[in-house]
Amino acid sequence: MGLPVRSCRMTAFTTLPLKPALLASVQALGYDEMTPIQAQSLPPMLEGRDVIAQAQTGSGKTAAFGLSLLQSLSVETIRLQALVLCPTRELADQVSKSIRKLAANIPNVKLLTLCGGMPLGPQLASLTHDPHIVVGTPGRVQEHLKRGSLHGGGIQVLVLDEADRMLDMGFSEAIDDIVGRIAKHHQTLLFSATYPEDIREVSRRLQRDPVEITVAAPADTKPAIEQRFVEVDPARKLDALAQLLTGERGQHALVFCNMRRDVDAVALELDQRGFSALALHGDMEQRDRDEVLVQFANRSCAVLVATDVAARGLDITALPLVVSYDIAHDPDTHTHRIGRTGRAGQTGLAITLCTPREKPKADNIEQVLGQPLAWHALKLSAPRGKTLNLAPMKTLVIDAGRQDKLRPGDILGALTGDAGLKADDVGKIDVFATRAYVAVSRSLASKALERLRAGKIKGRNFRVRTLG
Ligand code: AMP
């Protein structure tokens, strides 16, 4: 048996220049060692550097930024010093709780959670004295800064938590506005599960010389793609497809056909069988294509049936399931298709249907892959009636957009305020020049529509309807 070596390990919290009160909290919480994201992000954060970190829920990111912002907090100074923005109230509550626990040994830290969907009155009452820390959703924080009920002049640390989700929810403008209303010199810590181009753009806009941190996913959480080949009778191809799409994986799946007319036929057939399915190909009007892409991205469409060319416009790569309804003409196209699946931590599934006549194409792919294809037999169940496989969301279209100065926050505000929806029931919001699209939980779509029609958005009445 060796001696305990914890204190000399590079991953021990004691290697960090943290206040004793914070080390005590970490110990009380039972955190023995730093998680990889903590070990990499805490040293630069504690030096005051801007940090952009790719971190998933469960990585320990909350404790990372929580410890950092508490380290630089001066309790004697009664002003707002740290602002944490989160996409949803649920996350804001969770983050507040974690920071409170970390601050347990620092007396008199005042932390407030300010989220939309909650009455303003009590929030205003609790703001008569400046808190040290605010955790909240962008819309509501922006509102308080605008009203002057919150003062951003003393903010030293701004945290954007789950930044990718905040952008998906249309909070980009609110975040920019907030940054314009707080102290010019502050540290910006950006945490995001994914790094699409718009996150990099936000980082370029809001951060100064950031330290970039990506923690390699542990071996068992690397994106992995499982490829299956299924031999099918041409007459039962649609039955095979419907069967493969039933169940959870079919909740967000991309189906490739080689020909445009098959795209339409397959999408129509799936729709008739109870799937939220849409077609996407080059013969469609631009507006229709945009609407299909919006609905697939915001989860109002579960199955997208597309040609290879049309699918290039799709800004999503991490789908749980990709199906080649027709085997691709060449191995390159096949590789592109299957590259659309495979998410960190979960295996993506790429299924290729193959009729006996298409066998030579499969052989070609096998040669290029340099390994035997995994053939799976599909036992077709007797054709059933309608199997409902609906997408979780539904899209509402508002006949107004950027030209009407409509912003995502206005739509979110109208839905969570007057229409009484919870922020979690509202999904992605896309605002185009003359139109806006908002995804709402499918079961609440008619209620949301009714309320939006009865109420006002930004004090005005716009035409609203459901899509699909
Ligand atoms: P988060 O990624 O911030 O949602 O945190 C995930 C979970 O990990 C939370 O329940 C934390 O309490 C816990 N946690 C954070 N840091 C550590 C650590 N260094 N050791 C053990 N657990 C931790």
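Glu162 is found in the loop between β5 (157-160) and α7 (163-168). In this predicted model, the phi of Glu162 is near 50°, a positive value in a residue other than glycine. Most residues other than glycine have a negative phi. The relative accessible area of Glu162 is 9%, and Glu162 is therefore classed as buried, the limit being under 20%.

A positive phi, of about 70°, is also found at Asn108, which is not a glycine. Asn108 is placed in the loop between α4 and β3 (111-114). Its relative accessibility is 66%; because exposed residues are those over 50%, Asn108 counts as exposed. Thus Glu162 is buried, whereas Asn108 is exposed. A further positive phi, of about 80°, is taken by Gly30, just after α1.

The segment before α1 (20-28) contains Phe13. With a relative accessible area of 4%, Phe13 is buried. Leaving aside residues up to four places away in sequence, Phe13 touches Leu18, Leu23, Val26, Tyr31, Asp32, Glu33, Met34, Gln38, Leu42 and Leu67. For one of these residues, Asp32, the C-alpha atom is separated from that of Phe13 by 7.6 Å, with the two residues 19 apart along the chain.

Helix α1 itself has a buried side and an exposed side. Leu22, Ser25 and Val26 are its buried residues. These residues lie on the same side of α1, because they cover an arc of only 100° around the axis. An α-helix has 3.6 residues a turn, so residues three or four places apart point the same way. The exposed residues Pro20, Gln27 and Ala28 are on the other side of α1. The packing partners of the buried residues of α1 are α3 (61-71) and α4 (89-102). Val26 thus belongs to the buried residues of α1 and is also among the residues touched by Phe13.

A comparable analysis was made for helix α14 (residues 331-338), in which Pro331, Thr333, His334, Arg337 and Ile338 are buried. An arc of only 160° around the axis holds these residues, which puts them on the same side of α14. Asp332 and His336 are exposed, on the face of α14 turned away from its buried side. The cover over the buried residues of α14 includes both strands and helices: β8 (224-231), β9 (253-256), β12 (321-324) and β13 (347-354), together with α13 (308-311) and α15 (359-369).

Two helix pairs were examined for their packing. Two packed helices are described by the angle between their axes and the distance between the axes. In the pair formed by helix α6 (residues 138-147) and helix α8 (residues 172-181), the angle is about 35° and the axes are 9 Å apart. The crossing of α6 and α8 is left-handed. Helix α6 contributes Pro138, Val141, Gln142, Leu145 and Lys146 to the contact, and helix α8 contributes Ala174, Ile175, Asp177, Ile178 and Arg181. By class, six residues in the contact of α6 with α8 are nonpolar, one is polar and three are charged.

The axes of helix α10 (residues 237-245) and helix α11 (residues 260-272) come within 11 Å and cross at roughly 60°. The crossing angle makes α10 oblique to α11. The crossing of α10 and α11 is right-handed, whereas that of α6 and α8 is left-handed. On the α10 side, Leu238, Leu241, Ala242 and Leu245 take part, and they meet Val266, Glu269 and Leu270 in α11. The contact of α10 with α11 has six nonpolar residues and one charged residue, with no polar residues.

Towards higher residue numbers, helix α17 (residues 445-454) includes Ala445. Ala445 counts as buried, at 3% relative accessibility. When residues up to four places away in sequence are not counted, Ala445 touches Lys394, Leu396 and Val440. The C-alpha atoms of Ala445 and Thr395 are separated by 7.9 Å, although the two residues are 50 residues apart along the chain.

Methods:
Residues are numbered from 1 along each chain as its sequence is written. This is a predicted model: local features need pLDDT of at least 70, side-chain atom pairs count only at pLDDT 80 or more; totals for chains, interfaces and linings use all residues. Side-chain values use heavy atoms; hydrogens and water are left out. Buried means under 20% relative accessible area, exposed over 50%, partly exposed in between (1.4 Å probe, protein chains only). Helices (H or I, at least four residues) and strands (E, at least two) are DSSP runs, numbered from the N terminus. The arc is that of the directions from the helix axis to the C-beta atoms. Contact means heavy atoms within 4.5 Å. Axes are lines fitted to C-alpha atoms, for helices over the stretch in contact, and angles run from 0 to 180 degrees between N-to-C directions. Angles under 35 degrees count as roughly parallel, over 145 as roughly antiparallel, 65 to 115 as roughly perpendicular and the rest as oblique. A crossing is left-handed if the near helix is turned anticlockwise from the far one by less than a right angle, and right-handed if clockwise. Ala, Val, Leu, Ile, Met, Phe, Trp, Tyr, Cys and Pro count as nonpolar, Asp, Glu, Lys and Arg as charged, and the others, Gly among them, as polar.
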